[in-house]
Every structure is written in C-alpha cells, then in structure tokens.
Number of protein chains: 2
Amino acid sequence: MTASTPDTSDRSTVISIDAMGGERGLSAVIGGMEKSARKNPDIRFILHGPEPHLAPLLQRQPALRERTEVRHVEKTVSMEDKPSRVLRRGKGTSMWNALESVAKGEAAVAVSCGNTGALMALSMLALRKAPGVDRPAIAVMWPSRNPSGYNVVLDVGADIRADARDLLNYAIMGAAYVRNGLQLKRPRVGLLNVGTEEHKGRPELHEAAQLIEAAAPGSDFEYVGYVEGSDIGGEGVDLIVTDGFTGNVALKTAEGTAMQVRDLLKEAFRFTPLSRIGALFALTSLRRLSKRIDPRRVNGGVFLGLNGTVVKSHGSADATGLSAAIKLAFILAQNGFAEKLARRVASGAGPAQTDTKRKEAEAS
Amino acid sequence: MTASTPDTSDRSTVISIDAMGGERGLSAVIGGMEKSARKNPDIRFILHGPEPHLAPLLQRQPALRERTEVRHVEKTVSMEDKPSRVLRRGKGTSMWNALESVAKGEAAVAVSCGNTGALMALSMLALRKAPGVDRPAIAVMWPSRNPSGYNVVLDVGADIRADARDLLNYAIMGAAYVRNGLQLKRPRVGLLNVGTEEHKGRPELHEAAQLIEAAAPGSDFEYVGYVEGSDIGGEGVDLIVTDGFTGNVALKTAEGTAMQVRDLLKEAFRFTPLSRIGALFALTSLRRLSKRIDPRRVNGGVFLGLNGTVVKSHGSADATGLSAAIKLAFILAQNGFAEKLARRVASGAGPAQTDTKRKEAEAS
C-alpha cells in the first residue's frame with residue numbers, strides 16, 4: 001500500500017473509486033479526486049486500480065495521498081465488454097472491487113467512469129436489488145428553469161423496458177433522490193408522454209399514472225400528470241419519470257442539441273470582425289452561459305433501487321467532471337440516502353401493490 | 001365567391017389550405033399565403049374557411065386574392081377535439097374539406113395548422129392509406145450539421161406504436177422524402193436506438209434493422225445502422241427512423257433544449273453593461289444564429305403513407321411559419337412526390353414482405 005488506511009472512526013465519508021474505464025485515463029481520475037479533496041476536508045477514498053501506475057500519480061498529491069487507500073487490482077472492464085460477458089468474468093475487476101467496498105460497508109458510495117451496462121450488471125450482482133424493486137434505474141440531473149437549476153430524470157438507460165409498477169417505483173425512488181439531491185421537500189412528479197391529455201400514450205402509462213397518483217399522498221410528492229419532451233427542463237415539474245429507452249433517447253437528444261447550438265453560437269461569433277469584437281465584450285457572460293450548459297458540471301448518473309448507492313460518471317469525464325460526480329456521491333452519502341430510499345420504496349410500493357392485487361381480484 | 005376560380009390549365013400548382021385551427025387566427029394564415037404568393041408566381045390556393053371573415057382580409061391583398069379561391073365552410077375542428085370524436089363528426093369541417101380537395105385531385109397538397117391527431121385521423125379517412133402501408137408517419141426536417149442544414153426524422157407522432165415492418169416502411173417513405181425534400185440521391189438511413197452496438201435495444205429494432213438493411217440496395221438508400229439521440233442532428237446520417245412515441249419525445253426535447261439555451265443566451269447578454277455592448281456588436285451574427293435555430297423556419301411535418309400529401313403546420317405558426325409550410329408543400333407537389341412515394345413503398349416493401357412470409361413459413 002502506498003497510502004495510509006483511511007481512518008473511518010472520524011466523521012469523514014469514504015467514497016470507493018473505480019480508477020479504470022474512463023476515456024481520459026488515470027490522471028483524470030486522480031485530478032478529480034484531488035479537486036474534491038481540496039474542497040472537502042471530510043472526504044476519504046478507497047481507490048481500486050493498478051497500484052504501480054497510481055502510486056506515482058498520488059506521490060505528486062501529498063494531501064490527497066494521505067486520504068486515499070489504494071487497493072491494487074489489474075483486471076478491468078473495457079468500454080466494449082457486453083454486460084453478459086461482464087457477469088461471467090467481471091469479478092475481481094477494479095469495477096467489481098469498487099462495488100464490493102460498498103457492499104461490505106467500507107465505503108458509502110461507489111463511483112465509476114466505466115461502461116454503463118457493465119456497471120449496472122455488476123452493481124446488481126454485488127449490491128442486489130432493494131426489496132420491492134424489480135428494475136433499478138439511472139437518474140440524472142437535467143438543467144432546468146427551476147430555482148435549483150436542475151430537474152431529475154429517470155430512467156435514462158438502466159433497462160429498456162418498464163411496466164406500470166416499475167414506473168411507480170421510479171417515481172418513489174426519484175422523489176427520494178430529488179429530496180436529497182436538490183433539497184426539495186415535496187417534489188412535483190411528471191410522467192413523460194406524447195401529450196398532456198389523459199387519453200394520450202401507451203396503455204402502461206395510463207396504468208402508471210393511476211398508480212403514481214394514488215401513491216403521491218403517502219410518498220411525499222405531488223403528481224402533476226403527463227409532461228412532454230419540451231417540459232423536461234421546465235419549471236412545472238421537478239422529477240420526470242420514463243422508461244429507460246425513452247429517457248436515454250431524450251437525454252442524448254438534449255445533449256446533442258445543446259452541443260449543436262453551442263457550435264452554431266461559436267460559428268456566429270467568428271463570422272464577422274464586428275461579431276468577434278462583440279464576443280470579446282461579452283466574454284464573461286458567454287463563459288457563464290457555457291458553464292450553465294457544460295455537461296461536465298452535471299456529471300453523474302445515480303443508480304437507484306440497489307442496496308447501496310452507485311454514481312456513474314461519464315466515460316469522457318475529465319477532472320472537473322469526475323469531481324462533480326464525487327461531490328454528488330458525497331452529498332448522497334452524507335444524507336444516508338440509500339437507507340431512506342429503501343424505506344420509501346418499502347412503504348410506498350406496499351399499499352399500491354395491494355391495491356393492484358385487489359383490482360386484479362375484482363377483475364377476475 | 002370573392003375570388004376567381006384558379007386556372008389549373010397552366011403550370012401552376014394548387015395548394016389546399018385549412019384556414020382554421022391555428023392559434024394565431026386567420027390573419028396569420030392569410031399573411032403566410034401572401035408571403036408565399038409574392039415569392040412564388042406558380043402557386044395558387046384553395047382556401048377553406050368562413051368566407052365573411054376571409055373576404056375582407058383578402059380584399060387587402062389583391063395579388064393574393066387573384067390566385068385564391070375561397071370555399072366557404074363554418075364548421076371547424078378545435079385543438080381540443082379528440083381524434084375519435086373528429087372521426088365521427090369531422091366531415092364538413094374546414095380541415096376535412098381541405099383534405100377532400102386533395103382526394104378529388106383539385107389540389108396537389110393540403111396544409112393545415114390544426115390539431116395533429118385530428119388531422120391524421122381525417123387524412124386517413126379522406127385520402128386512405130397507400131397500398132402496403134399499415135401505419136402512416138409524420139416526418140419533420142431537423143436542423144443538422146449536414147451541408148443541406150437538415151436531416152429528416154420520422155415518425156414524430158402519427159402512431160405511438162411501430163413494429164419492424166412499420167419501421168421498414170418509414171425508412172422507405174422517409175428516404176423518398178429526403179430525395180425530394182433535400183435533393184439527396186442516396187440518403188443514409190439510421191435506426192434510433194439507445195446504443196450503436198448490435199445487441200442494444202428492443203427486439204423489434206433488431207428485426208427492423210435486418211429488414212431495412214435487406215431493403216436498402218433495392219430502395220436507393222444506404223443503411224448506416226443504429227444511431228443515438230445525439231446523432232439525430234449529426235452529419236453521419238440523413239434520415240432517422242423511429243416509432244412515433246420516441247420520435248415525438250425526441251422532437252419536443254430538442255425544441256425545449258434549444259429554447260432553454262436561447263433564453264440562457266439572452267440572459268447572458270443582459271447580465272453586464274459590457275456584455276450588452278458585446279451583443280450590439282454581435283447583433284448580425286446573433287440574428288443569423290437565431291434564424292438557424294428558429295423552429296418557424298422548419299415548420300411543416302409531412303404525413304407520409306397516404307394517397308396524397310398533407311403538410312401539418314405548427315399550431316402556433318405565424319405568417320413566416322405558415323409560409324415555410326406552404327413552400328414545403330409546393331416543393332413536394334412540384335416533384336410529384338406522392339406518386340413516387342407510392343411506387344417506392346410498393347416495390348420496396350414487396351420483396352421484404354415476401355421474405356418475412358417465407359421466414360414465417362419456415363419457422364412454423
């Protein structure tokens with residue numbers, strides 16, 4: 001070991017980090033950890049990765065090194081590995097070991113930049129699904145017009161299917177996440193659809209709407225009904241619930257659109273000498289804008305519905321992006337989020353399930 | 001009648017217009033027609049709506065009045081009418097009559113700002129589905145990084161379901177639209193999914209991928225495989241095929257995101273006196289940008305898969321927006337688009353259908 005074992009007897013929070021799988025290599029991971037450690041004295045790390053490569057990088061960051069325990073591991077999950085292969089051969093990789101630290105209770109949250117499908121597959125194996133959850137989900141912060149600056153959207157790609165009961169669980173889990181991640185007491189929950197009228201959309205959405213509406217009073221959220229794609233970043237809702245196929249397409253479409261507009265803006269400013277001068281004058285304001293729409297600042301998809309919290313950082317995240325993911329992990333760890341979530345699901349899904357069963361009994 | 005009957009013996013193209021259903025009223029419709037007529041000497045109109053209200057508006061536009069035949073009708077379809085109600089009671093409305101002009105061959109294309117669901121329901125009744133088409137689709141132009149500035153996406157909301165065969169038809173119909181609307185001889189077609197790897201996504205997408213790939217050589221398009229939400233406006237593809245639920249969410253998400261970034265930009269420029277000066281200098285470039293991302297400029301969803309072409313203009317379209325929709329209608333009419341499309345579907349879906357039936361026979 002190149003670093004001392006973190007002292008967990010104090011009030012510090014331990015984050016377990018998978019050093020591998022990011023497109024920008026180990027230095028981006030160490031850079032992100034260093035940024036986080038500098039801002040936050042209460043954070044400690046268990047870092048899973050190749051010790052001979054990590055040691056020299058940590059050597060240059062004595063403050064970080066002091067608060068990091070390196071756990072040597074050679075095997076890694078690559079960006080190309082299919083989840084099925086990872087399930088057979090993923091044990092003993094840096095990703096697996098990072099998750100195991102959470103399963104064993106050594107760390108509060110795991111953070112990885114690796115392959116999303118593989119991370120979800122291994123998370124389900126290492127942490128197991130929480131009682132009452134059939135399909136875990138990935139939730140992301142979505143830049144919005146609300147005072148906090150963000151809404152939460154889930155599922156953005158854990159599972160391509162979701163039935164009405166899954167969507168109800170997403171609402172309950174997502175609302176818990178909004179309460180903890182955005183500090184909103186009573187989140188407004190919307191169900192993503194192709195129109196706001198009651199008759200619109202697929203049958204499972206109509207059923208989900210009824211379940212979510214019935215669960216709202218007991219689960220401390222408000223159900224606002226169907227919302228459309230244009231409402232996701234709007235101020236009428238805090239949490240948007242959808243299946244992982246639709247959520248993934250929406251997320252990537254928004255990222256692509258923001259990037260396109262940003263590039264058009266750059267082009268517009270290069271177009272004439274006058275506009276170049278204009279850009280100089282407006283520089284600070286433009287920097288503020290690009291900070292607002294910078295996807296790195298909202299880096300971190302959170303896996304919900306497991307016995308433990310996992311934060312998936314973007315594969316191309318740099319030090320700033322990784323630091324944002326670590327900050328999110330820290331906030332959730334501090335709030336005892338995983339435990340609160342499990343209680344919510346248990347109490348929220350319970351009565352509704354009974355209700356459905358009763359209806360089924362009546363119908364049969 | 002307040003105007004002369006259009007002389008269709010010359011080379012002019014007649015567009016049938018539903019005057020009702022737009023949120024901005026009759027003057028926006030007349031304004032859009034006037035813009036189009038001014039730019040295009042070969043265009044004539046049949047205008048369906050309340051003659052007592054239309055006549056005074058046309059009185060002020062003598063050049064337009066000369067080329068417009070008003071067909072009086074009182075009944076209208078409202079934005080709130082459900083498609084089921086419209087099917088029972090929609091006949092004899094301005095929307096219905098506008099479609100009937102195309103069905104009778106009096107006009108080449110119909111344009112309406114009305115309720116999308118109602119317009120599609122009435123279009124299917126008035127024009128009937130084209131042979132070989134089970135589900136018609138709505139295609140839109142999507143701002144892109146390609147040289148033409150646009151890609152085409154379908155279905156954006158005609159039907160919330162689509163099986164593999166529907167997706168194949170969307171590819172064939174969409175490719176015909178790209179050839180006519182964007183003048184690209186051999187469009188590159190992508191299938192929207194949550195990842196580009198072969199194993200990703202729903203089973204019907206895997207089947208659709210095989211059908212589309214097999215149909216590509218005989219249908220004059222290139223199949224580029226799965227694409228993701230972030231690729232929709234990219235330069236690797238000209239046509240994006242998806243079901244109407246996903247397409248509708250993607251379209252509205254992109255519109256919402258573009259609007260959000262535009263508002264942030266405005267805010268950024270108002271933030272400091274210096275940035276306000278910058279904005280003055282950059283004014284022309286910013287106007288160019290806002291023209292590029294102005295949804296009114298790409299106004300017009302095209303209904304594909306019917307015996308006749310229908311252009312759905314945005315409900316909130318102003319004169320500029322309506323003029324863009326009319327321009328699109330004119331281009332498609334000039335190219336004999338509806339006939340070409342029908343031939344494509346007949347020849348493209350034929351062999352593939354035989355192929356599927358053979359497979360089913362083998363499997364059974």
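What follows is a set of questions and answers on a predicted model of two chains, A and B.

Modeller: Residues are numbered from 1 along each chain as its sequence is written, and chains are lettered from A in the order in which they are written. In this predicted model, local features need pLDDT of at least 70, side-chain atom pairs count only at pLDDT 80 or more, totals for chains, interfaces and linings use all residues, and side-chain values use heavy atoms, with hydrogens and water left out.

Biologist: By what turn can chain A be laid on chain B?

Modeller: Copies are superposed by least squares on the C-alpha atoms of residues with pLDDT of at least 70 in both. Chain A then fits chain B with an RMSD of 0.0 Å and a shift of 0.0 Å along the axis, after a turn of 180°. The two copies are thus related as by a two-fold rotation axis.

Biologist: What percentage of the interface residues of chain A are also interface residues in chain B?

Modeller: Contact means heavy atoms within 4.5 Å. The contact takes 55 residues from chain A and 55 residues from chain B. The copies meet through the same surface, because the share of interface residues of chain A that are also interface residues in chain B is 100%.

Biologist: What area is buried between chain A and chain B?

Modeller: The size of an interface is often given as the accessible area lost when the parts come together. Buried area here is the accessible area (1.4 Å probe) that two parts lose on being put together, summed over both. Carbon and sulfur atoms give 68% of the area between chain A and chain B, which is about 4800 Å².

Biologist: Which residue of chain B forms a salt bridge with R202(A)?

Modeller: A salt bridge is a side-chain nitrogen of Lys or Arg within 4 Å of a carboxyl oxygen of Asp or Glu. The rule finds 6 salt bridges across the interface of chain A and chain B. In one that involves R202(A), the closest N and O atoms are 3.5 Å apart, and the partner is D243(B).

Biologist: Over which ring does the charged end of R202(A) sit?

Modeller: A charge sits over a ring if NZ of Lys or CZ of Arg is within 6 Å of the ring centre and within 35 degrees of the ring normal. In the other copy, the charged end of R202(B) sits over the ring of F245(A), 4.0 Å from its centre. For R202(A) the distance to the ring centre is 4.1 Å, and the ring is that of F245(B).

Biologist: How many aromatic pairs are there over all chains, and how far apart in sequence are Y177(A) and F337(A)?

Modeller: Rings of Phe, Tyr and Trp (its six-membered ring) pair if their centres lie within 6.5 Å; planes under 30 degrees apart count as stacked, over 60 as edge-to-face and the rest as tilted. The count comes to 2 aromatic pairs over all chains. Y177(A) and F337(A) form a tilted pair, 5.9 Å centre to centre with 50° between the planes. Y177(A) is in helix α7 (residues 164-181) and F337(A) in helix α13 (residues 337-363) of chain A, helices being DSSP runs (H or I, at least four residues) numbered from the N terminus, and the separation is 160 residues.

Biologist: Is E34(A) buried or exposed?

Modeller: Buried means under 20% relative accessible area, exposed over 50%, partly exposed in between (1.4 Å probe, protein chains only). E34(A) forms a salt bridge with R38(A), the closest N and O atoms being 2.9 Å apart, and R38(A) is exposed at 59%. Both lie in helix α1 of chain A, 4 residues apart, about one turn of the helix. At 18% relative accessibility, E34(A) counts as buried.

Biologist: Which loop holds R135(B), the salt-bridge partner of D166(B)?

Modeller: The side chains of D166(B) and R135(B) meet at 2.6 Å, N to O. D166(B) lies in helix α7 of chain B, so the pair ties together parts that are 31 residues apart in sequence, and R135(B) is in the loop between α6 (116-127) and β5 (137-143).

Biologist: Which residues does V29(B) touch, not counting residues up to four places away in sequence?

Modeller: V29(B) is placed in helix α1 (residues 25-39) of chain B. At 4% relative accessibility, V29(B) counts as buried. The residues that V29(B) touches are I17(B), A19(B), L47(B) and L322(B).

Conventions:
Helices (H or I, at least four residues) and strands (E, at least two) are DSSP runs, numbered from the N terminus.
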